[in-house]
Amino acid sequence: MPQIKLGEMVQRLRQAKRILVTSHVSPDGDAVGAVLAVYHIIRALHDRDVVCSLAHPVPKRYAWLPGADRICPPEVCAPPFDVAVIVDVAQLDRIGAVSALLGDDTQIIVLDHHLETAPAGDLAVVDPRYAATGELIIELMDCAGVALTREIAECAYVALATDTGSFKYSNTTERSHRIAARLVATGLPVAEIGRRVFDEMSAARFRLLIRFVNSVTLLDGGRIALGTVTANDMAESEALEEDTEGLINFARNIEGVDVAMLFREVDNHTVKLSLRSREGVNSAEILRSLGGGGHAAAAGTTLEMPLRQATALALRHVREALQGTL
Ligand code: 5GP
Ligand code: MN
């Protein structure tokens, strides 16, 4: 699968007639922000049909983003599309039901910043040096000669702020700050965005947080923090899947913890695992053999087995990875 330059991607977008823009299931801030930033950029390029679709609903904390109301579930989108832009993910199985919208003639362009070595699709711009796909997309905008608007800025800022943990994770670079400065200069209300995206929570999320925090146990002399959200926790809290985003940070932030693990029981035989690790431990590598991926510091996978079995299996992999590290 050939890597292309952003300039070539702009050419393809200019020529395209009907474009689909999508991202991964369980969309986070970078997924929603990058989809919408790409949408606004393509609309600035030409007046053709651009459809945004995500397999799962946009989380409430991102629903105010300009254009979010245009994101449709795949069932109501009408193919064919001659170009599909897939952002923040490089594997087609991670876009869920949206993959049904791709035809044999659809040219797939991947824009991503994950570590995956073999992205799906026809053409890709994948560069793990970018803190967020939203950061990469501002370079796409510059390359296309599209002027930065307030709309694009809001979408890209949310993408950058969420994937960098408010510009404090190790992926944050001088470039991230330079791009953020340009975005903020369009007049972004950063305090209001921060409150909506990071601080405000539903009562359901608060109830879930309490249950999660109570579940956390420290193992191996405190190097591993293991937390669980059961299907019952979700039901009793009346929580949505989006309410689980970021819970794992509370476990990761415990002093001395090298790896934090969050097991979320989806049903009797499906568990979503999230991993966070300190520098020197590669979460994406640990989960590679378990069908997952992501970044060195943050990765995830889905395990098709009961919770107890998933916990034992993943714990074994983490312990193996920790062996020999200090
Ligand atoms: P989270 O734990 O917040 O769901 O995801 C953390 C990181 O791991 C994100 O960058 C996300 O894209 C990646 N990730 C999460 N789940 C999966 C998965 O099932 N497969 C792959 N390849 N990556 C995942
Ligand atoms: Mn991302």
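**Exercise 1. What distance separates the centres of domain 1 and domain 2, and how do the two domains meet?**

Solution. Taken over C-alpha atoms, the centres of domain 1 and domain 2 are 26 Å apart. The contact (heavy atoms within 4.5 Å) takes 15 residues from domain 1 and 14 residues from domain 2. Next, find the domains along the chain: domain 1 covers 3-198 and domain 2 covers 203-322, with bounds from an automatic or database domain assignment.

A word on what you are looking at: this is a predicted model, where local features need pLDDT of at least 70 and side-chain atom pairs count only at pLDDT 80 or more, while totals for chains, interfaces and linings use all residues. Residues are numbered from 1 along each chain as its sequence is written, chains are lettered from A and ligands numbered from 1 in the order in which they are written, and side-chain values use heavy atoms, with hydrogens and water left out.

**Exercise 2. How much area do domain 1 and domain 2 bury between them, and which salt bridge crosses the interface?**

Solution. Start with the buried area, which is the accessible area (1.4 Å probe) that two parts lose on being put together, summed over both. For domain 1 and domain 2 this comes to about 1000 Å², with 39% of it on carbon and sulfur atoms.

Then look for charges. A salt bridge is a side-chain nitrogen of Lys or Arg within 4 Å of a carboxyl oxygen of Asp or Glu. The rule finds one across this interface. The side chains of R61 and E245 form a salt bridge at 2.8 Å, N to O.

**Exercise 3. Which residues are the protein donors of the manganese ion (ligand 2)?**

Solution. Donors are N, O and S atoms within 2.8 Å of the metal (3.2 Å for Na, K and Ca); water is not among the atoms, so sites may look incomplete. Here they are D30 (OD), D88 (OD), H113 (NE2) and D163 (OD), at 2.1 to 2.3 Å from the ion. Their spacing in sequence reads D-x57-D-x24-H-x49-D. D30 lies in helix α2 (residues 29-45) and D163 in helix α4 (residues 150-163), so this pair ties together parts that are 133 residues apart in sequence. Helices (H or I, at least four residues) and strands (E, at least two) are DSSP runs, numbered from the N terminus.

**Exercise 4. Where is P80 found, and what kind of peptide bond joins P79 and P80?**

Solution. Go to the loop between β3 (71-72) and β4 (83-87), where P80 is found. The bond joining P79 and P80 is cis, with omega about 10 degrees.

Technical notes. Domains from an automatic or database assignment.
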